[in-house]
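This explanation leads the reader through the structure, from a barrel to a helix and then to a contact between chains. Please keep the sequence and the model in view while reading.

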Protein chains: 2
Amino acid sequence: MSGDRILIHEVVTRDGFQMEPEFIPTERKIELIDRMSLTGLAKIEVTSFVSPKAIPMLADAEAVMAGIQRRPGTRMVALVANARGVERAMATGVDEVVLVVSASESHNRTNVRRSVGASFEGFREIVDMLKGTSIGVAGALATTFGCPFEGFQPIERVLRLVGDYAALGVRSIALADTTGMGNPRQVREIASAARREYPDVDFALHFHNTRGMGLANVLAGLEAGVGRYESSLGGLGGCPYAPGATGNICTEDLVHMLHEMGCETGVDLPALLDASRLLAAIVGHALPGQVVKAGTSRDLHPMPAPAH
Amino acid sequence: MSGDRILIHEVVTRDGFQMEPEFIPTERKIELIDRMSLTGLAKIEVTSFVSPKAIPMLADAEAVMAGIQRRPGTRMVALVANARGVERAMATGVDEVVLVVSASESHNRTNVRRSVGASFEGFREIVDMLKGTSIGVAGALATTFGCPFEGFQPIERVLRLVGDYAALGVRSIALADTTGMGNPRQVREIASAARREYPDVDFALHFHNTRGMGLANVLAGLEAGVGRYESSLGGLGGCPYAPGATGNICTEDLVHMLHEMGCETGVDLPALLDASRLLAAIVGHALPGQVVKAGTSRDLHPMPAPAH
């Protein structure tokens with residue numbers, strides 16, 4: 001794995017902010033995104049173009065997109081749920097839209113109020129709208145590694161849904177462990193099978209640390225040859241089914257581990273740690289990230305003075 | 001890895017309690033150890049026979065050893081620093097004593113106030129004292145994966161010190177990441193090399209989650225073929241050089257991950273989660289463990305009722 005370039009997708013302003021109880025002012029969102037795009041992150045999932053009633057935190061999607069600085073090397077992406085969302089996203093000049101469907105019927109129904117089949121029907125319309133534009137399309141497959149209502153999904157079902165995305169021409173797919181149920185053995189199996197069956201799809205893995213397995217799952221993903229990971233600055237986030245539990249894996253802890261292992265990410269870790277401190281100031285509470293508290297593995301300490 | 005038996009060594013009442021600011025009453029220590037020994041843990045590091053002035057929290061070592069129930073299948077072990085400690089430990093009927101030396105000179109000097117060479121000289125006396133008894137001897141090598149004062153140690157030095165233990169007849173050796181500096185790539189390299197060079201030594205790995213890499217390092221250890229892991233109930237502990245940082249990896253999160261991966265541990269996870277809740281009540285504060293907050297990956301949730 002040493003020497004490989006691993007790409008980091010930052011999701012804190014979308015996935016992380018959704019769990020915050022208080023609205024975060026638009027200008028603070030812009031400030032944070034501008035700070036993050038300076039660090040060399042490959043992608044930032046800026047916001048979601050969905051109904052402001054469904055997610056009030058992201059009601060300022062247009063204003064955020066209009067306010068942020070664009071820098072070469074960092075793609076600015078946004079989640080969309082339907083044609084209306086795509087129109088809104090296109091008007092703001094996003095680099096890429098992200099579609100999402102769940103591997104389990106019950107989670108898809110809870111998340112987007114339609115069947116998995118109906119989601120893919122809607123995606124066809126979206127893909128058609130984007131044809132001939134420079135805007136990319138990525139697909140996310142939620143609950144790939146377990147559904148909080150149904151449990152583990154058969155691998156055949158996961159692979160079939162990857163195939164449904166691929167049939168629409170979607171070549172960038174994130175397999176998501178939405179509530180942190182996945183384990184390293186299963187991650188290796190599913191990621192390896194997906195890469196084997198769909199060699200022309202570029203996979204990302206989206207992990208949560210809900211049960212402490214987040215970075216172990218990254219290691220399993222690396223071993224399966226996956227080179228893109230989604231994470232949240234500071235580990236901000238949570239789990240709607242487990243109050244007090246953590247959510248997404250922490251970006252700076254992920255980048256730290258990858259650098260320690262000899263992998264390149266192109267991310268400036270000290271700048272990322274500064275951005276994490278800014279985030280803590282913005283949300284006004286402590287974050288689950290460890291490296292910001294402990295320092296890196298390269299930070300040495302003075303020996304304590306001998307006792308007298 | 002599936003089907004392999006992985007052994008868990010619990011260190012919370014020694015390594016975890018040392019970081020607590022308030023003395024924990026002897027009867028509560030006994031209550032917790034009795035609860036833990038019912039769960040099927042292979043070893044419990046009960047206490048340390050060192051100077052009560054050095055570690056006041058463990059001044060009740062004799063009383064704790066005298067009060068706990070002994071159960072077949074769970075070895076009760078204690079840390080010792082010198083001949084006086086061994087005499088005290090022998091008098092209480094421990095199953096095994098644990099020696100500790102650091103891979104780095106500066107950490108050894110800080111921890112036990114002598115050189116690494118002087119530590120091994122002292123170990124010779126201890127090993128001689130235990131000859132002909134039924135008491136086992138294990139060795140721990142602190143700062144194997146990094147020293148907070150000196151940084152990373154050369155692998156040749158680590159292997160030479162393992163050899164120094166082996167030359168004394170110590171065949172059970174824990175390689176310890178004392179302040180959570182190790183990364184999975186390095187763990188795999190060092191653990192693989194140690195097993196290759198010392199095939200008749202039974203290795204354990206002792207990890208901290210100080211920078212979030214704890215369970216990823218366990219995965220690397222499993223891949224290197226190591227079958228014993230040291231952890232702390234609830235993840236109780238800390239790092240003297242990083243206030244607010246976490247310490248040892250969390251036993252119940254470790255056991256949960258291993259079970260999800262298809263590894264056997266012989267540990268009753270629900271009983272272990274109950275013990276972790278007892279621990280939280282004893283210390284009176286929240287613990288870093290995740291599974292106790294989130295539930296296991298097998299715990300399903302009801303679908304939320306549709307909105308009206």
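The model shown here is predicted. A suitable starting point is the barrel of chain B, which eight strands close in the order β1-β2-β3-β4-β5-β6-β7-β8 with parallel pairing. From one strand to the next, the twist averages 30 degrees. One of these pairings joins strand β6 (residues 172-176) of chain B to strand β7 (residues 202-206) of chain B in the parallel sense, over five bridges. Within this pairing, Ser172(B) is found opposite Asp202(B) of β7(B).

Helices pack on the sheet as well. Helix α4 (residues 83-91) of chain B touches β2 (43-49), β3 (75-80) and β4 (96-102) of chain B, and its direction makes about 160 degrees with that of β3(B). Helix α5 (residues 105-112) of chain B touches β4 and β5 (136-142) of chain B, with its direction at about 130 degrees to that of β4(B).

In chain A, helix α2 (residues 26-37) has 12 residues and reaches 17 Å from its first C-alpha to its last, close to the expected 16 Å. Its buried residues are Lys29(A), Ile30(A), Leu32(A), Ile33(A), Met36(A) and Ser37(A). These lie on the same side of α2(A) because they cover an arc of only 165 degrees around the axis. They pack against β1 (7-10), α1 (12-16), β2 (43-49), α3 (61-67) and α11 (269-283) of chain A.

Finally, the two chains meet in a contact that takes 46 residues from chain A and 44 residues from chain B. On the side of chain A that touches chain B, α9(A) gives the most, with five residues. The residues of that side divide into 23 nonpolar, 18 polar and five charged.

Note on methods: Residues numbered from 1 in each chain as written. Chains lettered and ligands numbered in written order. Predicted model: local features only at pLDDT ≥ 70, side-chain atom pairs only at ≥ 80, totals over all residues. Helix = DSSP H or I, 4+ residues; strand = E, 2+ residues; numbered from the N terminus. Expected span 1.5 Å × (residues − 1). Buried ≥ 20, exposed ≤ 12 C-beta atoms within 10 Å, placed from the backbone. Arc of directions from axis to C-beta. Contact = placed C-beta atoms within 7 Å. Nonpolar A, V, L, I, M, F, W, Y, C, P; charged D, E, K, R; others polar. Pairing = 2+ DSSP bridges. Axes fitted to C-alpha atoms, helices over the stretch in contact; angles between N-to-C directions.
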